[in-house]
Structures are given as structure tokens and as C-alpha cells.
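Please read the points below with the model open. They are ordered by topic, starting with the surface.

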Amino acid sequence: MKETETFWRNAKKSGRAVVLIVTVFFLFFLDSISEAGKKEKSKPKKPHHSHTEPKPAQSESTSNKPETPNKSVASTTEPASTKPKPELTTPASSTPVIPLSASSTSSPTIKEPILPLNNLSSSTTSAQITSQTITNPASPTVAPPKEQKTIPEASTTFTPISGKGQLEIISPNDAKISDLSEKLKKAELDRNLLNEAEILKKLISMEAATSEQKQRLASIEYQLKLSKDNLEKRWTEAEALYLKEEWGTLKVFLNQNPYFSEKDEYTLKFGEMSFACDYFLNNIPSEELNERARKLMLLNPKSFWAPMALALSALKCGNEKEAARQLDFAAHIDPKHPTVLLVSKTLKQKTNRRIMTAVILLLAITILGFLFSMFFGFLEKIEWIIVKFFIGRFPAKILPRLERKLGTHLEREERIELLQLLTETSFKAKTFQKGERYARSLLELIPKSRLALEFLGKFYLSLESFNALQAEIVASYCLIHPDREILKRFAGYVKETKNTRYSFDPVLTRYLSVFPEDTEIISLLKDAYLPRSPIEFNQETLNLLTKVWEISKDEKILQKVCRGYIAAGRFEDPFIKNVGEKISLRDLIFDVEKDLCPEEAKILETMESSKADKKIEEVRKLLERAYFSFENSEPIVSKLDEIIAEGKTPDRYWAEKSRNHVKETLIRCKRFKKSLGIEEDSIKSPSEHRAPSKTAAVPESAIPAQNVSDEIKKLSDSPNFETIQNLVKNSTEEEIPAWKEFLEKNLPASTISSVLKFIGRLKSKNLTPVLTKFLKHQNSRTRANAIEALEENDDSEAINAITIFLTDPDNRIRANAVKALHKWKVPQADRCLKMMTEDPQVPMRDSAIFVLKGIKLLWAQTLLKNMLNDPDPLIRKSAILALAEQSCKGGDEILKEYSKNPIPQDETEHIEKALKLFTENFVQKKA
């Protein structure tokens, strides 16, 4: 069984290591790939200039032929006498003149659209849009004034001057005129009326304009005047195109109505429209587009397309975090827009794909790690089988290999198992010094290790003589193997050294049972034990002296034994009942009290000293006493009450335990004295030792239910404990306001604690805020009682308030918090409880046992079983009784197995009491 547990433990450890290493490597690899991809995608691409010079317009004879999409300008010839009809010009690929951007005369186009959307085909380009006439049906046909009949209106075509279809441009040698001519061509292509008009005015001022250009300027000014006069109507048309996302038509419309940007209420919206057109028509490079979008967001926080463009750009570069951030801005403005839904779906798909990929890879790594752990665990198991096989044959060769493993970091169970193998191997290899060292290290971990005692006992008995430390081991070995020769050897050591330690008493008792005629050892024991105080005697010593008395019949030994039984509190022992007629127990009681008084006086003196360590040491000694004189009992209890009132966590714990022990012991002593006819002053019970009350106790029946609230209001600041108990028993949810009002007074901590001890029985959600308030009280007992009351109130709303106390330094507060949270099935509570069982402080471990005995589960029983090996005897005794109170299946077998070890007599008595309790609980369950 142990081999199987070791195998799985090693398998888990190896698996964890493999999974951790591979996972770290995998995450590092993914991070490197991701960073490289982001850097690659974030590199600015060289702009691809697809902007070509516009070809000359075709003649009238060829204007009706279908045009190819590669041509950027197409125009038809129209006679000058024909009546012009105003209509919208085709969309161009330039940027309108707005405050947000500069002219896009030399702006390159981007071949790939970022993301095709609803009303815009991904194959549409600005050149194709300008190659056909687009007439806006929403635009009315406006007749020009009569005085301007000779001025042609704007049309979607240009009137060529020559038959070849080219504009007549004066080409002087002046470079400035040539530059203006080029700009004029670009303005004509962009249908930017305002720029075109300014260039024509400059040419006219330089006397370089043709007559057609002068006519064109007049036509442009007329169109601009119409736009300015009908600005609101035109704005409505622009908004309609914007909502329909007809970006080509909208771009031309904005260029032909430049006064939109001059009106305050249209400026910001005009900027967004222009930005959206340039974005979807691919008129500007991505770097300039992003910069323009950020400027637009600063100017117009309600702009939708600015953050959306940034989101699409980030998505294209693989920066999903930035894309999600910008998408949030856009979604805040228009959450139901199709583009928002599309980008959101794309982001979600990418995230899910990445998560699923990571999950699948991690699952594969976990399975691989598990297989590796199984493989390495199997190899380790085989290794240990080989080691154990060769220990009996080649121990000297195996020993160095085992010693190398001892230097590694091992858990407690692994270290114990390795020390056992080292001890066995060392003694078999006849390296006794190493074997002795390893065996003693094993005894530090397991004080009564049978294997260590076996090897050490045999080794020391093989020596000619042994010292006092070795004699302790030999004594324990004699209890395991009570052979006559071994007992003789040990008795010889005692006679020679006259060393009569209390730890030798069980062995000497067995020796006298086998060799009762040895008068030399009896005489030695008389001389050793008669001068000693019976207060120091334990049960093994009393058994030995009883054996000595049975052999020698010495009355002094009998008196010493009786005084020892009385001081040990063993009033009901059969020995006391049998010798009661032979000796006066009344006189012996007074002798015992005379023996106790000096010791108790020393304890009181030390408890009154200012040194805390010595004070608590004496307080702990009180727990080992089973008899107290009535002369010093009251001062001892009073001093313990003072220590409890100070409220220091470890001091208060030991003082409370000692005070309860003293009071219970005094009650037992009083009963024993009464049985002997000895009259003493009244002895107060534990409940009567409380602080005096200003209000007398009121019987439960004396409090009418309808007057409970009035009685609560009449309570003094320090009411009697029984009064509070009776009032709470008669209270209902209607009395909660009265209790709340009472607790809001400036009350002593003892009063608040008394109320909290019982008020949780009301089980009302209205009580939870009242109790939660006292979780911050400065008194630790009040906080502990508040947690206990919240648990009894059974309102899960208090879970968060109690959870913070799982790390409280006060053992009682932490235990109450664990107990309450375990009831509500909070996982942290069970982990905290396991940590409490391993805490270096005895109070914390003792409080853990208090919680464990109420948990009737297998894992709780296992923790109690582990605590049977605790170095502190108080914890071992508490664990024994807790196993009995827990009454889980198999607990009695654990105690019986533990009793087979060489344990002290008082623990044996506790085990007997626990097994009796097991039997009673079993009968009750069966009934």
C-alpha cells in the first residue's frame, strides 16, 4: 500500500514538473511568434502609386463608345448654344478642402480595401466613378437666370476646345503658369469647384486664361451661389447619401458644396463625411488616415467612422486589443451599426480560436506530462524495488545511493521512509555510527518508532555498558521484548548506577513481576522514592510502588502510594477503595494538601511576575495537576481571570483551559471529601465564578412573552448571565429592534459576548447586520462570539464578512470562522483547517481538533489520525477523545492500532475512555 502511495506521489510530482516546463516553453514560444507578427504587420508598407495622368478627352465622334475603367476622365462635346442643365458631377478621388486635411493632389491610392461594407463594392475605384455621369435624383433642375443664358451651366463633362478633345491651355514659358495649369487639371478631375475657381482667378489675373476658362469660372461661381443659397436643402441631401453610405456620390456632392465646412453646425459632421469618403474610396495611405482619424476624434467625440477606421486598421495589423478598444468607442455611438456587429463577430471568432488552440495544446501537454509522470513514476517504483531487494544482500553498496537521496528536498512522509531504509541498511552494513544517527533522526520524527527502537536496543545491549541516554532506548526496547535476560541486564544497570528515572518505572514493574525475590532492587526503590513528593508520581510510578508494597508490605510505601493516588486525582481507583479500611484516608488528604501548598504558592508567585514566558509556563503546569488545595484555589482562579481579561491570544487560551480544569478538579475533590465525611466550604461551579451581576437572575417562567421587549429595555449594563439566556429564549424576531438598541449602548465586552452567545438562535436575516457590526470589536472574545452567532443565525449573506477571519492570529476566532464556513461549504475553510493542524502553535492545533471532531467525514478522521503523532501530549489526548466524539467508521481501529505502541499510561486511559464512548455511540445509532 505504501509503495502504491509513493508511486502515485512521485508520478504526480514528475507530471507537474513536465507540465510546468513544457507550458512555460510553449507560452514563451507563442509570445515570441505573436510579437514578431505584430512587428511585421505594424511595419509601414510602401505606398503604391496608381494615380496616372489623365488622358485627353475623346472627340465627339468617339464619345459614345464604352470606356474602360482605366481611364480617369471622360467627357462629351456639347454645343455652346445648347441650353445647359445643372446636374451633379461624378465622384472624384481627391480630398475636399476641409480644416482636417490637406489637398490630396499627390495622394497615392491603396490597392486593398480594409474591409468591404454594405453599399460599396470592393472593386469600385475613384477612376471608375469619375468615368460615368452620376445624376442625383434628389437634386432639382434649376434654370439659370435669363441674363446669363450665354453662360453654360456645370455638367458632368468638359467641353473640349479643339477637335482632338483637349483643353486649350496657354503654355507660356513661365513655370508658375505651368504649375497652375497642372493644379487646374487636378481640380477638374476632383470636381473641387472652390479650388478650380481660385486657380482660374489666378490665371485670369495673370492674363493667361482662355475664353473657355473664363466661361468656366462664371459657371462655377453660379453653381457656388446656388449651393450657398440652398445650403440647408443640400445638407439634407448630403446626410441622406451619408446614411445610405453612397460614398462616391457623396464625395462629389461635398466637393461641389464647399460651404458646408464654413457653417458651424455642419463643420464637424462635414469633416466626418469627408473622412468616411476618403477612407472607403482609398484616397489616402493608412498612416495619414490614422492620424486624421485621431484628430477627428479630438474635434468630434461623437464621430462614428473615426474610431471605426482605427479599429479596422488595428484589426488588419493584428492588434486585437487596440481594435477592441476603438470598437468600444464606436459601439457607444451606434451599437447596432452593421460594421460594429461585423467587427465584433470577427474579434470574437479570433479570440475563441486562440483560446481553443491554447486549450487543445495545453490539454495535449497535460496528457503528455501525465504519460511522462506515469513512466518516470514506474521507473522510480522499479528502482525502489531493486534497492529494497539488494538491501539484505549488498547493504554497503546500496547505502551511498540512499545517502545521496537524503540530501534532496523531501516531504515528511518520504523522509521518514528514507530514514527507515537508511537505519536498516546501516545496521546491516555494520556501520553502527551511521545507523545510530539515522535511527535517532527517525525518533525525532516518530518518537516511538518501533524500527528505530529495535535496532538501537539490540545495538546498545550488545555493548558492555551503556550511558543514561542509551538506557532510555533500552528501557523502551525492554517494553517491546520483556525477555528475562534483557530485564536482568537492565536491572543490573539500575543497581550499578542507582539511576531510577520515572521513565524506567514500567520496565522495573515488569522486572519485579518476573523476579519478586530481588530484595536488592526493592531496597533501592524504597530509598529512591520515599523522599520524593507524591505530587510528581505518574501512573507508571504508582504501579511500581504498588508492586513494591505488595512484595514488602511496608506501610510507609502504602502511605506514599495512597498520597500519590490522591494527588493524581484517582479517587475511584480500586486500590484506594481496597486500602480504605487499612489506612486513614482523611489524614492522608491533609498531608497531600500540605504537600501541594508550597507548590501552589510558587505557581502564584510566578503568575504574578511580569515575565510573560514564565507566567504561561506555570499556567500550563496547572493542566497537569489533578488535585488543588482549597486554600489556594480561589487565588489561582482569580489570577487566571485577570490573564483572560488582558485578552492576549496565547495567554488567554492557556488561562481559559487552566481555569476550567481547576474548577472541574475542585468539584471532584469536593465530592471525594464528602464521601469521606470531610466538610468543606461551598465550592463554586464554573458558571458561578463569573463576574458579579447587578441584576438578579430571572427565572424563565417569570418572563411573560408579551413583556420581553420591555424587560430588554430595563436591562442594566452588566446583567446576570442567566437573565440574558432566559430573555433570548423568550425572544422572537419582533424583539430584534430591542436587542439592537440594547447592544448599541456603551456596554462592557463581557455583556456583549454573553448576548452574542445566545442571540443567534433567533435565525433572522434582520439580525445579520446587527451581528456583523461586532466583527470589528476590539475584544477578541466578542469577535469570536459574533462569528459563532452568525453561524447559528444561518444566513449565508455573512460569508464574505467571515472569510477575512480565516487568517486571524487568534485561534478561537479562526476556528469559529472555519467551522461556520465549512457549514456553508466554502472550499477555503477546509484548506485553512488543514493548515491549522500543522501550525507550530499548540492553541491553533488544539482549536483545529475542536472543529474536526464535529466533521464526520473520512478526510477529517485522517487529519485526527495524523495528530496522534503530535509532539505535545495535550494535542495527542485531545485527538484521541476527538476521534471518539467524531464516531466515524474505523476510528476505533485507529485507536486500537495506536495503543499497540509504547505510550504513556494517561494516554492509555484516554484510549480506553474513547473506546467506551465508541461503544455507547454505536449502541445509540443501533437503537
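1. A term first. A residue is buried under 20% relative accessible area, exposed over 50%, and partly exposed in between. I386 has a relative accessible area of 42%, so I386 is partly exposed. Note that this is a predicted model.

2. I386 sits in helix α12, which covers residues 338-391. I386 also belongs to a nonpolar surface patch of about 790 Å². The other members are L368, F372, F375, F376, F378, L379, I382 and I385. Patch members need over 30% relative accessible area. I386, at 42%, meets that cut-off.

3. On cysteines: the structure holds zero disulfides. Two cysteines deserve a look. C669 has a relative accessible area of 0%, so C669 is buried. C888 has 13% relative accessibility and also counts as buried.

4. Helix α33 can be checked for length. The helix has 14 residues, 780-793. At 1.5 Å a residue the expected span is 20 Å, and the end C-alpha atoms are 20 Å apart, so the two agree.

5. Is α33 mostly covered or mostly open? The helix is mostly covered, with 11 of its 14 residues buried. Among them are the charged residues R783 and E791. N785 and N793 are buried too, as are A784, A786, I787, A789 and L790. S780 and T782 complete the buried set.

6. Both ends of α33 have a feature to inspect. At the N-terminal end, N779 acts as the cap. A side-chain oxygen of N779 lies 3.0 Å from the backbone nitrogen of R781. After the helix comes D794, with a positive phi near 60 degrees. Most residues other than glycine have a negative phi.

7. Two lysines also have positive phi values. K498 has a phi near 55 degrees and is not a glycine. K498 lies in the loop between α18 (484-497) and α19 (505-514). At 62% relative accessibility, K498 counts as exposed. K763 has a positive phi of about 50 degrees. K763 lies in the loop between α31 (749-759) and α32 (768-772). I would view both loops in the model.

8. How many salt bridges does the structure hold? The count is 26. The next points take some of them in turn.

9. D573 and R570 meet in a salt bridge, with N to O at 3.4 Å. The pair is also joined by a polar contact of 3.4 Å between the side chains. D573 is in the loop between α22 (555-567) and α23 (574-579). D573 has a relative accessible area of 14%, so D573 is buried. R570 has 22%, so R570 is partly exposed.

10. E642 and K639 form a salt bridge at 3.2 Å, N to O. Both residues are in helix α26, which covers residues 630-646. They are three residues apart, so about one helical turn separates them. An α-helix has 3.6 residues a turn, so residues three or four places apart point the same way. E642 is partly exposed at 45% relative accessibility. K639 is buried, with a relative accessible area of 15%.

11. D870 and R845 form a salt bridge, the closest N and O atoms being 2.7 Å apart. This pair links distant parts of the chain, 25 residues apart. D870 is in the loop between α38 (858-866) and α39 (873-886). R845 is in helix α37, residues 842-852. Both D870 and R845 are buried.

12. Which residues are joined into one network by salt bridges that share partners? They are K495, D518 and E520.

13. Last, a buried helix position. V548 is found in helix α21, residues 539-552. V548 has a relative accessible area of 1%, so V548 is buried. The C-alpha atoms of V548 and S523 are separated by 9.2 Å. Along the chain, V548 and S523 are 25 residues apart.

Technical notes: Residues numbered from 1 in each chain as written. Predicted model: local features only at pLDDT ≥ 70, side-chain atom pairs only at ≥ 80, totals over all residues. Heavy atoms only, no water. Disulfide = S-S within 2.5 Å. Buried < 20%, exposed > 50% of the residue type's maximum accessible area, 1.4 Å probe, protein only. Patch = residues over 30% accessible without salt bridge, like charges linked within 9 Å, V, L, I, M, F, W, Y side chains within 5 Å. Areas by Shrake-Rupley, 256 points an atom, 1.4 Å probe, with all protein chains shown as cover. Salt bridge = Lys/Arg side-chain N within 4 Å of Asp/Glu carboxyl O. Helix = DSSP H or I, 4+ residues; strand = E, 2+ residues; numbered from the N terminus. Expected span 1.5 Å × (residues − 1). Polar contact = N/O pair within 3.5 Å; in protein donor to acceptor, adjacent residues only side chain to side chain.
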